[in-house]
Amino acid sequence: PQFDMDKYPNASQMVQQLHAMHFQFMISVWPQYGKNTSFYEECAQNNYLISPTEWLNVYRRDAASMYYAFINASMFSIDVDYIWADSTEPDNFPNRNRKFVGNVADTANDTLVTLSGNVLMSPYSKYVIQSLSDGYRRDYPRKRMFALTRSGTAGQEKYGSTIW
């Protein structure tokens, strides 16, 4: 989640100019880091991706905290008002409607179990939004966190998200 410096050489100034015109600013971010992104290598080195995908493993709290830290550094810290947390299904997840062995959601548990990829997909949006909410509430206690997302699961609304 970062601005393209060729297209937006001074994103902070742009956001301030929008605020001066009484606009609020929302930007779309994805919890997927392709090999061409600056975040991919760090995620791969720390085992923060759901293997064999490029999707961030937000079920790991340290990976989720890093996700928030990236967004905070590039978006919230320059006064971006809201996040459109897009592709929180995640779409095209490779294990969708398939059975596989392992317990990706709990890396400390090495008990092998048979799970459907849907078990990982269904609550994914909640964990993405929770990572944003937890960090935002800590770092900006006087502001209200809001994120737009296209998917959701029970309990997710308490983290300041709306489904479109």
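**Two loop residues, a core and a helix crossing**

Asp79 sits in the loop between H3 and S2. In this predicted model, Asp79 has a positive phi of about 75° although it is not a glycine. Asp79 is partly exposed, with a relative accessible area of 30%. A second case is Asn47, in the loop between H2 and H3. The phi of Asn47 is near 60°, again a positive value in a residue other than glycine. Asn47 is partly exposed, its relative accessible area being 48%.

From the loops we turn to the interior. The largest nonpolar core has 40 residues, and those with the most contacts inside it are Leu56, Ile83 and Leu132. Two or more residues each are given to this core by helix H1 (11–20), strand S1 (26–29), helix H2 (40–45), helix H3 (61–74), strand S2 (82–85) and helix H5 (124–139). H3 supplies the largest share of the core, seven residues. Leaving aside neighbours within four places in sequence, Leu132 is in contact with Tyr67, Tyr68, Ile71, Ile83, Ala85 and Met145.

Next comes the packing of H3 against H5. Their axes come within 9 Å and cross at roughly 60°, which makes H3 oblique to H5. The crossing of the two helices is right-handed. On the H3 side the residues in contact are Arg61, Ala64, Tyr67, Tyr68, Ile71 and Asn72; they meet Tyr127, Val128, Gln130, Ser131, Leu132, Asp134, Gly135, Tyr136, Arg138 and Asp139 in H5. By type, the residues of this contact divide into eight nonpolar, four polar and four charged.

Terms used
Residues are numbered from 1 along each chain as its sequence is written. This is a predicted model: local features need pLDDT of at least 70, side-chain atom pairs count only at pLDDT 80 or more; totals for chains, interfaces and linings use all residues. Side-chain values use heavy atoms; hydrogens and water are left out. A nonpolar core is a set of buried Ala, Val, Leu, Ile, Met, Phe, Trp, Tyr and Cys residues joined through side-chain atoms within 4.5 Å. Buried means under 20% relative accessible area, exposed over 50%, partly exposed in between (1.4 Å probe, protein chains only). Helices (H or I, at least four residues) and strands (E, at least two) are DSSP runs, numbered from the N terminus. Contact means heavy atoms within 4.5 Å. Axes are lines fitted to C-alpha atoms, for helices over the stretch in contact, and angles run from 0 to 180 degrees between N-to-C directions. Angles under 35 degrees count as roughly parallel, over 145 as roughly antiparallel, 65 to 115 as roughly perpendicular and the rest as oblique. A crossing is left-handed if the near helix is turned anticlockwise from the far one by less than a right angle, and right-handed if clockwise. Ala, Val, Leu, Ile, Met, Phe, Trp, Tyr, Cys and Pro count as nonpolar, Asp, Glu, Lys and Arg as charged, and the others, Gly among them, as polar.
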